[in-house]
Amino acid sequence: MAEDSDAERTEPASEKRLRQAREDGDIPRSREVATFTVLMTAGAGLWMMGGGIVNTLSTTLQRGLSLDREQIYNPNALIERIGADIAGVLLACLPLAGAVMLMMLASPLLIGGWNFSAKAFMPNFGKLNPMRGLGNMVSTNALIELLKAVAKTLLVGAVAWFVVLSQKDAVIGLVAEPFGTAAPHLGGLIAKAFLTMVGALGAIAILDGPYQMWHHADKLKMTRQEVIQESKESDGNPQIKGKIRQLQREMARKRMMANVPTADVVVTNPTHFAVALKYGEGQRGAPRVVAKGTDEVAAKIRELAKEHKVAMLEAPALARALYKHTDIDDEIPEALYSAVAEVLAYVYQLRAYSKGTLDQYPDRPQRLQVPPEMDPFNPASQKAGNRPGTGTH
């Protein structure tokens, strides 16, 4: 068998392979999507809370540069003042930092989902192989990452240049504004520029997300031989299972054939169908089917019946109806009671004649009452949706 190659990996990854990859920490991830969502959250937070943060920072700076006599000569008071200023700054930045941290935790849910794998923390000395490192440097994935880096640089650079030119007059005008209004205005300009440049990264993220999912699925594809081997390991060898099913059918057929000598009568088609019926003395219920079959199996049933001197009756419509509407060890359908009763009466008369208790040879039943819809070869039955059975039992 030829060695498998990447070109032969045409089968989608199985559930087992996907589960194993996830356990190994190998799941689709897009750094572009994660970076975009985190930066966009930071930019949106800066847009909404930037003015308050800037005012807090400016107020803290002003307070830090103005000290009274007590704070100059009392180190403890100075330390308390510094601690209070630091706490004020942290409190002002806390909502923005919290939003960014929350998005950092939520961004993996967009692609791949959360995954905790201990194997990902295990040392892999194969990564220290220099030849493997060189191979990764010249791989298709490395080329795509290089193209993405160049695209990000060009796109963000172009957007940044456009933003700078569009806000040049506003930035120069800040010099003429009072500090109280200039600080919030500056924060708004920075947030607007930040959001515009980060929005440019969204174009890269929109393309990178689906690509990473496709790349991960393509990387885990399997060869047909791997699919067959995994199926063997999971469900067992199909050839062995097929052999077991064949042996089970043969055993069931042997058990069925062992019932033929005990039957009361075998109803035949005469060549394509054979159904053996048994109705013992004192038996409750209707006669039962102890064996049935078509073609070769039917021939074997007739052979055993002849060998063990079991009565046989040629009744094509009845044989077909019994074969179609019963299984082994089933009672005959109620609609066939009348026809089977005539057959059994004929068989019992034959036995009586052979024992000498009946003087006249019984007349063979000629027109058995088989409802047309019970006969699979009858047009009325085919219109009702029945089709003749073709299997063997």
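This dialogue walks through a sheet, a helix pair and some backbone angles in a predicted model.

Reader: Let's start with the sheet. How many strands form the open sheet, and in what order?

Author: Four strands form it. The order is E3-E2-E1-E4, and the pairing is mixed.

Reader: Which are the edge strands?

Author: Look for strands that pair on one side only. Here these are E3, residues 288-294, and E4.

Reader: By how many degrees are neighbouring strands turned against each other?

Author: On average by 20 degrees, with direction ignored.

Reader: Which strands of the sheet does H11 touch?

Author: H11 packs on the sheet and touches E1, E2, E3 and E4. Its direction makes about 125 degrees with that of E3.

Reader: And which strands does H13 touch?

Author: Helix H13, residues 337-355, touches E1, E2 and E4 as it packs on the sheet. The angle between the directions of H13 and E1 is about 125 degrees.

Reader: Now the pairing itself. Do E1 and E2 run parallel or antiparallel?

Author: Antiparallel. Four bridges join E1 to E2, which spans residues 273-278. For one register point, take Val266: its bridge partner in E2 is Ala276.

Reader: What do E1 and E2 form, and how many residues lie between them?

Author: They form a hairpin, with four residues between the strands.

Reader: In which sense does E1 pair with E4?

Author: In the parallel sense, over four bridges. E4 covers residues 311-314. Opposite Val265 stands Ala311 of E4.

Reader: Which way do the residues of E1 point, and are they buried or exposed?

Author: E1 is residues 265-268. Val265 and Val267 point one way. Val266 and Thr268 point the other way. All are buried.

Reader: On to helices. How is a packed pair described?

Author: By the angle between the two axes and the distance between those axes. Take helix H6, residues 140-166, and helix H8, residues 179-219. They pack at about 160 degrees, with axes 8 Å apart. An angle over 145 degrees counts as roughly antiparallel, so H6 is roughly antiparallel to H8.

Reader: Is the crossing of H6 and H8 left-handed or right-handed?

Author: H6 passes H8 in a right-handed crossing.

Reader: Which residues meet where H6 and H8 pack?

Author: From H6, they include Asn141, Glu145, Lys148, Leu155 and Val163. From H8, they include Ala193, Met197, Asp208, Tyr211 and His215.

Reader: Where does UniProt place the feature "transmembrane region"?

Author: The unreviewed UniProt entry gives residues 33-57, 143-165 and 185-207.

Reader: What is the chain like over residues 143-165?

Author: That span is 100% helix and 0% strand. Its end C-alpha atoms are 33 Å apart. Residues 185-207 are also 100% helix and 0% strand, with end C-alpha atoms 34 Å apart.

Reader: Last topic: phi. What is the general idea?

Author: Most residues other than glycine have a negative phi. Asp295 has a positive value, near 55 degrees. Lys309 also has a positive phi, near 55 degrees.

Reader: Where do Asp295 and Lys309 lie?

Author: Asp295 lies in helix H11, residues 295-307. Lys309 lies in the loop between H11 and E4.

Reader: What is the relative accessible area of Asp295, and of Lys309?

Author: Asp295 has 42%, so that residue is partly exposed. Lys309 has 76%, so that residue is exposed. The cut-off for exposed is over 50%.

Terms used
Residues are numbered from 1 along each chain as its sequence is written. This is a predicted model: local features need pLDDT of at least 70, side-chain atom pairs count only at pLDDT 80 or more; totals for chains, interfaces and linings use all residues. Side-chain values use heavy atoms; hydrogens and water are left out. Buried means under 20% relative accessible area, exposed over 50%, partly exposed in between (1.4 Å probe, protein chains only). Helices (H or I, at least four residues) and strands (E, at least two) are DSSP runs, numbered from the N terminus. Two strands pair if DSSP finds at least two bridges between them. UniProt positions are given in the numbering used here, feature names are shortened, and annotations may be inferred rather than shown by experiment. Axes are lines fitted to C-alpha atoms, for helices over the stretch in contact, and angles run from 0 to 180 degrees between N-to-C directions. Angles under 35 degrees count as roughly parallel, over 145 as roughly antiparallel, 65 to 115 as roughly perpendicular and the rest as oblique. A crossing is left-handed if the near helix is turned anticlockwise from the far one by less than a right angle, and right-handed if clockwise. Contact means heavy atoms within 4.5 Å.
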